Protein chains: 2
Amino acid sequence: MTPQRLAIAREVLVQDHPTAAEVYEAVRDRFPTMGLATVYATLNVMVERGLLRPLAFESAVRFDANVTPHANLICTACGRITDYDGCDDVLRTLRDRAATDAGFELEQQRLDLYGRCAGCMAMDVSASDRGQSHSPIA
Amino acid sequence: MTPQRLAIAREVLVQDHPTAAEVYEAVRDRFPTMGLATVYATLNVMVERGLLRPLAFESAVRFDANVTPHANLICTACGRITDYDGCDDVLRTLRDRAATDAGFELEQQRLDLYGRCAGCMAMDVSASDRGQSHSPIA
DNA sequence: ATTGGTGCAAAGGTTTTGCATTTAG
DNA sequence: CTAAATGCAAAACCTTTGCACCAAT
């Protein structure tokens with residue numbers, strides 16, 4: 001455990017669901033000598049140890065500090081990714097059903113819900129000319 | 001609509017959930033002069049027109065010819081991806097719940113179920129030394 | 001001393017871009 | 001004829017690898 005690793009871990013927790021490059025940019029301020037390769041190495045170690053979950057999107061891989069089963073609410077307008085935990089029972093249902101219907105033994109799942117978050121929907125009604133920030137999500 | 005495009009479309013339907021490179025390898029036999037760039041261009045056009053859905057995994061982007069809401073059963077042993085349609089009601093539940101709980105207007109969803117398919121589970125009990133094909137999935 | 005982390009540069013792989021040529025409608 | 005598709009090469013990106021150096025036990 002080094003200061004660099006701590007800084008990287010901190011950024012993953014502080015930032016929403018950052019990419020490696022976003023973590024790199026953030027820690028660069030405090031550790032100007034650190035290279036991108038170190039960030040990748042550290043993130044990969046954390047993934048192997050089960051502390052982080054990599055989420056591949058079309059534009060980039062993002063890292064989720066929430067490794068428990070949950071859904072990701074992904075706003076197609078602002079790009080923000082929010083964890084949503086109100087679907088444990090649904091995920092359990094899927095597990096049972098996959099086993100019964102397809103003989104599939106479920107180990108893990110990923111559930112991404114794409115749409116418009118409450119904030120962006122509010123902006124739509126108040127100002128339709130509001131520039132919607134380009135979504136970082138594919 | 002050109003013969004090349006037809007061949008590419010055919011491959012996406014015939015193969016499970018191929019990557020661009022896999023489609024390229026397959027059409028190469030009948031169109032030896034075709035380049036990878038053409039395959040990418042064609043696949044992107046099909047995605048824009050809503051005929052195909054890109055599924056980003058850590059190792060590659062795969063293309064799904066099933067654009068209706070469904071789950072993907074992804075075997076962590078053999079890597080096969082199977083569409084699973086037995087969860088329409090569950091997806092509808094999620095849509096309603098996301099709207100109620102988080103004010104989130106759901107437009108689209110992606111549901112990936114990772115685990116072991118029936119075939120690979122059968123192999124486990126019969127021969128534990130059976131070489132499990134390396135999963136093409138991250 | 002040995003293990004592991006860091007930093008740098010280079011390599012590998014995937015996807016996109018630019019442009020000239022060919023083809024379809 | 002006009003617009004679009006193709007093929008090729010090069011570029012842009014993201015991620016990994018190799019290796020030397022440094023730090024910690």
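Trainee: How much area is buried between chain A and chain B?

Mentor: In this predicted model, the contact draws on 37 residues from chain A and 37 residues from chain B. Of the area buried between the two chains, carbon and sulfur atoms give 63%. The buried area itself comes to about 3,200 Å².

Trainee: Which three residues of chain A supply more of the area buried against chain B than any other three?

Mentor: The side of chain A that touches chain B takes at least two residues from each of β1, β3 (71-75), α4 (88-102), β5 (105-116) and α5 (118-126). A share of 19% of the area that chain A buries against chain B is supplied by just three residues, namely A:L94, A:F104 and A:Y114.

Trainee: Which element gives the most to the side of chain A that touches chain B?

Mentor: Sorted by class, the residues on that side of chain A are 20 nonpolar, 7 polar and 10 charged. The element that gives the most, with 12 residues, is β5(A).

Trainee: How far apart are the closest N and O atoms in the salt bridge between B:R97 and A:D89?

Mentor: Across the interface of chain A and chain B there are 20 residue pairs in polar contact, and there are also 2 salt bridges. A salt bridge is counted where a side-chain nitrogen of Lys or Arg lies within 4 Å of a carboxyl oxygen of Asp or Glu. B:R97 and A:D89 form such a bridge, and the distance between their closest N and O atoms is 2.9 Å.

Trainee: Turning to chain A by itself, how much area is buried between domain 1 and domain 2?

Mentor: Chain A is divided into domain 1, covering 1-67, and domain 2, covering 68-138. In the contact between them, 12 residues of domain 1 meet 17 residues of domain 2. Carbon and sulfur atoms give 44% of the buried area, which amounts to about 1,200 Å².

Trainee: How many salt bridges are there between domain 1 of chain A and domain 2 of chain A?

Mentor: Across this interface, 9 residue pairs are in polar contact. The side of domain 1 that touches domain 2 includes 5 charged residues, beside 4 nonpolar and 3 polar. Even so, the number of salt bridges between the two domains of chain A is 0.

Trainee: Which element supplies the largest share of the side of domain 1 of chain A that touches domain 2 of chain A?

Mentor: Two elements of chain A, β1 (53-56) and β2 (61-64), give two or more residues to that side of domain 1. The largest share, 3 residues, comes from β1(A).

Trainee: Moving to the DNA, what percentage of the atoms of DNA strand D within 4 Å of the protein belong to sugar or phosphate?

Mentor: DNA strand D is surrounded by 13 residues, the closest being A:Y40, B:T2, B:R5, B:T33 and B:M34. By class, the surface near the strand has 6 nonpolar, 6 polar and 1 charged residues. Among the strand's atoms within 4 Å of the protein, some belong to bases, while the share belonging to sugar or phosphate is 84%.

Trainee: Which element gives the most residues to the surface near DNA strand D?

Mentor: Phosphate oxygens of DNA strand D lie 2.3 Å from a polar side-chain atom of A:Y40 and 2.4 Å from a side-chain N or O atom of B:T2. The elements that give two or more residues to this surface are α3 (36-48) of chain A, together with α1 (3-14) and α3 (36-48) of chain B. The one that gives the most, with 4 residues, is α3(A).

Key
Residues numbered from 1 in each chain as written. Chains lettered and ligands numbered in written order. Predicted model: local features only at pLDDT ≥ 70, side-chain atom pairs only at ≥ 80, totals over all residues. Heavy atoms only, no water. Near = heavy atom within 4 Å. Polar contact = N/O pair within 3.5 Å; in protein donor to acceptor, adjacent residues only side chain to side chain. Nonpolar A, V, L, I, M, F, W, Y, C, P; charged D, E, K, R; others polar. Domains from an automatic or database assignment. Contact = heavy atoms within 4.5 Å. Buried area = accessible area lost by both parts, 1.4 Å probe.
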